[in-house]
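Reader: Please give me a close look at a single part of this model. I would like the second largest pocket, its lining and its cysteine.

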Amino acid sequence: MSISISATLVQGKGSLNGSDRSNLIPFSSRLHDGRASTQDVWSIYSAANLPADCINLGQGYMNFPPPKWITDAAHEALGSVLTNQYSHPKGCVRLRNAVKDFYQKSFNRDLNVETEILVTSGANQGQYSVFTAFLEHGDEVILFEPFFDQFLPHVTLNGGTPVYVPLHPHTDSAKPNSSDWKIDFDELRRSITPKAKIIIVNTPHNPVGKVFTREELEKIAALAEEFNLLVMADEVYDCVVFDGKEHVRFSTLPGMWDRTVTVLSAGKAFAATGWRVGWLIGPPSIIAPILAACTRIVFCSNYPLQEAVAAGLEQAAKRGFFETQVREYQERRDVLLSAFDKLGLKYSLPEGSYFVLVDISRVKFPDDYPFPASVQGRGDNFKACWFIALEIGVASIPISEFYCLEHRSIGEKYARFAFCKDVETLGKAGERLQALAKYLV
């Protein structure tokens, strides 16, 4: 959750005189540049600001537990002396071996647990460390919009400059698909300057649910090779892909292993977002500097939950865990989408992740509705999402927040709904959403 901070401090105008001594020390302008000092969408649509009985489909956390055999492993690790101490900064060796065994087939290589795998305190911290390790002041980072909102402050806090390239929604058909959000590759090429250093490729994509095709990724790879870009492949939703779609690991494309770091997440894989365990996979030339950054940022990640995640990866295949989980998520997706079908609201059918973008431009709220100041001036979808949360009792997230100001209009008619909830909750949300019919035009 971000905290709104006085603009006078950004400008370095804290006063040493007078009775007000609450803002003496100016903070870094980097917080302002990356929106880190402003009230963010998560705090606006937090449980504290919404009715107590509002069903939260805005935030991507689960309301069901991790598998018992994984939580049992966590309890066992908490009972050991060794695993309650510091782990190795690279991650405990059991988890690194489990990552190697689980992923090396999909990476088409024999992974080295000492030099090519790094455990991090969640994917988020791993991503931050990538930018710490590789950005010089003024280096440019290419972001596809809409983007995971943490990317922006990660870039600016490490001295980088974001360059925004929107996915263009071609969603005029009766049944749009997340694949209808397209890259304009001429626009992408024009965005790459001599200052470009990193390009972020998020597939499956949050919030669109798009699974990038091999052809799309090959075109990105060709540009990365031509302009010598580091590729951060955010593939944290790799285990949530529907309808037989192929998830292509970016690093397996010709020539891409040497310039790609892949980001993965135990929280997404095992319904354990609060455990904050993730890992990076890449060549030694990329992992080594990130390890140096990680060691200075967090030193190491929590040991007991690394052990539990290791147990998860070790047993997942024989239990058929991920195959079962995909079927369960597909059922959840279909329960929620059926509610929008009944309403006649269009959405982009997600091919991956556990989010769906819904076109809420038909929602008509009263002109005199008492919206709070926090949603004023931030686009109609901010108001529509607030109205739906308070009057219908279902929370979502306006995705215009995931754009730069110049491109915000592209996302202003969409809201993101999460279906990483149990079927009962999604069914109840669907029933509530039917009350929206009287507000549609």
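**The second largest pocket**

Author: The lining of the second largest pocket splits into eleven nonpolar, three polar and four charged residues. Asp, Glu, Lys and Arg count as charged; Ala, Val, Leu, Ile, Met, Phe, Trp, Tyr, Cys and Pro as nonpolar; the others, Gly among them, as polar. Three elements each give two or more residues to this lining: α5 (93–107), α12 (303–319) and α13 (321–343). Helices are DSSP runs (H or I, at least four residues), numbered from the N terminus.

This is a predicted model: local features need pLDDT of at least 70, side-chain atom pairs pLDDT 80 or more, while totals for chains, interfaces and linings use all residues. Residues count from 1 along each chain as its sequence is written, and side-chain values use heavy atoms, without hydrogens or water.

The pocket has a volume of about 500 Å³, the space filled by probe spheres on grid points joined across faces, edges and corners. A pocket is an open set of points on a 1 Å grid over the protein atoms alone, where a 1.4 Å probe fits, with protein on both sides within 12 Å along at least five of seven lines; lining residues have an atom within 4 Å of a point.

Lining residues number 18. Phe102, Ser106, Asp238, Cys239 and Arg249 lie nearest the centre.

Take Cys239. This residue is buried (under 20% relative accessible area, 1.4 Å probe, protein chains only), at 12%. Its sulfur has no bonding partner, because the closest cysteine sulfur, in Cys420, is 12 Å away, too far for a bond. The whole structure holds zero disulfides (cysteine sulfur pairs within 2.5 Å).

Methods
Buried < 20%, exposed > 50% of the residue type's maximum accessible area, 1.4 Å probe, protein only.
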